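Reader: Hi, I'm new to reading protein structures. Can we go through one together?
Author: Sure. Here it is.

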Amino acid sequence: MSTRIEIFSDGACSGNPGVGGWGTILRSGDTEKELSGAEWETTNNRMEMTGAIRGLEALKRPCDVVVTTDSQYLVKGMNEWLPGWIRKGWVNSKKEPVLNRDLWERLHELSKIHRVQWAWIRGHNGHPENERCDALARGAIDELRKKGQERQ
């Protein structure tokens with residue numbers, strides 16, 4: 001029986017594109033770990049995806065995972081769109097290259113290691129873990145901006 005892990009993840013962007021951050025909570029039973037990070041020039045969707053990627057990458061062995069996010073883009077991508085994109089050579093329904101292919105490919109690779117369920121919840125609706133992940137993402141943006149000002 002593999003370990004059951006809950007991952008809660010959120011991304012934020014100040015401007016889209018702009019400075020972005022991600023926040024993730026990993027939970028196994030009563031144990032929790034928080035992760036966060038930020039990038040200078042990114043999009044909200046990339047940060048949503050990066051939060052999930054960093055959570056999955058933090059797992060040390062194959063696990064049963066439920067990833068909970070407020071990103072319909074991420075959940076629909078993983079639950080519905082990904083097989084078609086792969087089958088069609090990474091073009092979408094409009095015959096255009098799939099945006100964020102690098103991150104979708106990484107998520108696909110990580111989903112081969114773990115048994116992952118993708119769950120959507122409404123954002124900014126009082127969900128404690130989602131609110132905490134949002135705060136982690138926004139805090140990471142603030143930290144990156146402070147470091148940037150110190151360098152000037």
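Reader: Which strands does H2 lie across?
Author: H2 lies across E4 and E5. Its direction is at about 140° to E5. Keep in mind that this is a predicted model.

Reader: And H1, what does that one lie across?
Author: Helix H1, residues 44-57, lies across E1, E2, E3, E4 and E5. It runs at about 155° to E1.

Reader: In what order do the strands sit in the sheet?
Author: The order is E3-E2-E1-E4-E5. The five strands form an open sheet with mixed pairing. From one strand to the next, the twist averages 20°.

Reader: Which strands stand at the edges, and why do they count as edges?
Author: E3 and E5 do. Each has a single partner strand, so one side of each has no neighbour in the sheet.

Reader: How do E4 and E5 pair, parallel or antiparallel?
Author: They pair in the parallel sense, over six bridges. For one example, Val 66 has Gln 117 in E5 as its bridge partner.

Reader: What about E2 and E3, parallel or antiparallel?
Author: Those two run antiparallel, joined by 10 bridges. They form a hairpin with two residues between the strands. In that hairpin, Gly 29 takes a positive phi near 60°.

Reader: Which residue of E3 is opposite Arg 27?
Author: Glu 32. The side chains of Arg 27 and Glu 32 also meet in a salt bridge, at 2.7 Å from N to O.

Reader: Why would two side chains pair like that?
Author: Side chains of opposite charge can pair when their charged atoms come close.

Reader: Is Arg 27 buried or exposed?
Author: Arg 27 counts as buried, because its relative accessibility is 16% and the cut-off for buried is under 20%. Glu 32 is partly exposed, at 43%.

Reader: Which residue besides Glu 32 meets Arg 27 in a salt bridge?
Author: Glu 129 does, also with 2.7 Å from N to O. This pair links distant parts of the chain. Glu 129 is in helix H4 and Arg 27 is in strand E2, 102 residues apart. Glu 129 counts as buried, at 16% relative accessibility.

Reader: Which residues make up the whole salt-bridge network there?
Author: Glu 6, Arg 27, Glu 32 and Glu 129 are linked in it.

Reader: How many salt bridges are there in the whole structure?
Author: There are 12. One of them joins Glu 105 and Arg 101, at 2.8 Å from N to O. Both residues lie in helix H3, four residues apart, about one turn of the helix. Glu 105 is partly exposed at 31%, and Arg 101 is partly exposed at 38%.

Reader: Back to helices. At what angle do the axes of H2 and H3 cross?
Author: They cross at roughly 90° and come within 11 Å. The two helices are therefore roughly perpendicular to each other. Residues making the contact include Leu 74, Met 78 and Trp 85 of H2, and Trp 104 and Leu 107 of H3.

Reader: How many of the contact residues are nonpolar, polar or charged?
Author: Eight are nonpolar, three are polar and none is charged.

Reader: Last one. Where is Ser 71?
Author: Ser 71 is in the loop between strand E4 and helix H2. With 5% relative accessibility, Ser 71 counts as buried. Leaving aside neighbours within four places in sequence, Ser 71 is in contact with Glu 48 and Trp 120.

Conventions. Residues are numbered from 1 along each chain as its sequence is written. This is a predicted model: local features need pLDDT of at least 70, side-chain atom pairs count only at pLDDT 80 or more; totals for chains, interfaces and linings use all residues. Side-chain values use heavy atoms; hydrogens and water are left out. Buried means under 20% relative accessible area, exposed over 50%, partly exposed in between (1.4 Å probe, protein chains only). Contact means heavy atoms within 4.5 Å. A salt bridge is a side-chain nitrogen of Lys or Arg within 4 Å of a carboxyl oxygen of Asp or Glu. Two strands pair if DSSP finds at least two bridges between them. Axes are lines fitted to C-alpha atoms, for helices over the stretch in contact, and angles run from 0 to 180 degrees between N-to-C directions. Angles under 35 degrees count as roughly parallel, over 145 as roughly antiparallel, 65 to 115 as roughly perpendicular and the rest as oblique. Ala, Val, Leu, Ile, Met, Phe, Trp, Tyr, Cys and Pro count as nonpolar, Asp, Glu, Lys and Arg as charged, and the others, Gly among them, as polar.
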